[in-house]
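User: I'm new to this structure and would love a guided close look at a single part of it. Could you take your time and connect that part to what surrounds it?

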Amino acid sequence: MISFARDSNNDLFLNSKNDISMNTGLDACLQSCESAVSTILGEKIYNQDEGIPAFNIIWNGTPNLVQARLAIIDTIEKVDNVIEVSDFNFVVTDNEFKYTATIKTTFGSGNINNVI
């Protein structure tokens with residue numbers, strides 16, 4: 001697995017050879033999981049069925065945090081090379097849904113921390 005690497009601002013960056021930096025293996029897989037969860041339902045022009053229904057289950061009306069948790073885990077487990085989400089924790093504070101997921105992949109296990 002290979003993907004473009006991102007810095008702490010989610011920007012592409014150049015490596016020491018002035019090439020676009022790339023991630024492989026576990027790092028690429030975890031980054032793909034973060035991207036999948038950051039995609040809002042309906043955001044993809046050609047695949048309106050992909051993404052997290054964040055507005056419907058987290059931000060509009062009464063939040064359904066159990067459904068949000070399940071939607072995020074389901075989305076992560078659909079990423080190529082992901083075996084399972086072995087642990088998932090979240091907290092909602094200051095209008096932010098912060099989560100941590102431990103993900104078992106074909107490359108090993110790793111964690112992602114993100115905010116929706």
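Which residue stands opposite Glu-96 in β4?

Analyst: Happy to help! Please keep in mind that this is a predicted model. The residue opposite Glu-96 in β4 is Thr-93. That pair is a good place to start, so let's walk outward from there.

Between β3 and β4 there is a hairpin with 2 residues in between, and Asp-94, in the turn, has a positive phi of about 50 degrees. Asp-94 has this positive phi although it is not a glycine. With a relative accessibility of 72%, Asp-94 counts as exposed. Asn-18 also has a positive phi without being a glycine, at about 65 degrees. Asn-18 sits in the loop between β1 and β2, and its relative accessibility of 58% makes it count as exposed.

Now back to the hairpin. β3 and β4 run antiparallel to each other and are paired over 10 bridges. Further along this pairing, Asn-89 has Thr-100 of β4 as its bridge partner. On its other side, β4 pairs with β5, again in the antiparallel sense, over 8 bridges. One of these links Ala-101 to Ile-112 in β5. β4 and β5 also form a hairpin, with 2 residues between them.

Put together, the 3 strands make an open antiparallel sheet in the order β3-β4-β5. β3 and β5 are the edge strands, each with a single partner, so one side of each has no neighbour in the sheet. From one strand to the next, the twist averages 15 degrees.

Next, look at the side chains of β4, which alternate along the strand. Phe-97, Tyr-99, Ala-101, Ile-103 and Thr-105 point to one face and are buried, whereas Glu-96, Lys-98, Thr-100, Thr-102 and Lys-104 point to the other face and are not buried. Our starting residue, Glu-96, is therefore on the face that is not buried, and its 31% relative accessibility counts as partly exposed. Its side chain meets that of Lys-98 in a salt bridge, at 3.6 Å from N to O. Lys-98 is partly exposed too, with a relative accessible area of 34%.

What lies against the sheet? Helix α1 lies across β3, β4 and β5, and runs at about 35 degrees to β5. Helix α3 packs on the sheet as well, touching β3, β4 and β5, with its direction at about 145 degrees to that of β3.

α1 spans residues 25–38, and its 14 residues reach 20 Å from the first C-alpha to the last, close to the 20 Å expected. The buried residues of α1 are Gly-25, Ala-28, Cys-29, Leu-30, Gln-31, Cys-33, Ala-36 and Val-37. Among the elements that cover them are β3, β4 and β5, along with α3, β1 and β2.

Some of the buried residues of β4 turn up again in the largest nonpolar core. Of its 24 residues, Ile-72, Ile-76, Phe-88, Phe-97, Ile-103 and Ile-112 touch the most other members. The elements giving two or more residues to this core are α1, α2, α3, β3 and β4. Ile-76 shows how these parts come together: leaving out residues up to four places away in sequence, Ile-76 touches Cys-33, Val-37, Val-82, Val-85, Ala-101, Ile-103 and Ile-112. In general, nonpolar side chains tend to be buried together in soluble globular proteins.

To finish, let's return to charged pairs. The whole structure holds 3 salt bridges. Besides the pair in β4, Arg-6 and Glu-34 meet through their side chains at 3.2 Å, N to O. Arg-6 belongs to the loop between β1 and β2 and Glu-34 to helix α1, so this pair ties together parts 28 residues apart in sequence. Arg-6 counts as partly exposed, at 24% relative accessibility. Lys-78 and Asp-74 also form a salt bridge through their side chains, at 3.2 Å from N to O. Here Lys-78 is exposed, with a relative accessible area of 62%, while Asp-74 is partly exposed at 38%.

So from Thr-93 opposite Glu-96, you can follow β4 to its buried face and on to the helices that lie against the sheet, α1 and α3.

Notes. Residues are numbered from 1 along each chain as its sequence is written. This is a predicted model: local features need pLDDT of at least 70, side-chain atom pairs count only at pLDDT 80 or more; totals for chains, interfaces and linings use all residues. Side-chain values use heavy atoms; hydrogens and water are left out. Helices (H or I, at least four residues) and strands (E, at least two) are DSSP runs, numbered from the N terminus. The expected span of a helix is 1.5 Å times one less than its number of residues. Buried means under 20% relative accessible area, exposed over 50%, partly exposed in between (1.4 Å probe, protein chains only). Contact means heavy atoms within 4.5 Å. Two strands pair if DSSP finds at least two bridges between them. Axes are lines fitted to C-alpha atoms, for helices over the stretch in contact, and angles run from 0 to 180 degrees between N-to-C directions. A nonpolar core is a set of buried Ala, Val, Leu, Ile, Met, Phe, Trp, Tyr and Cys residues joined through side-chain atoms within 4.5 Å. A salt bridge is a side-chain nitrogen of Lys or Arg within 4 Å of a carboxyl oxygen of Asp or Glu.
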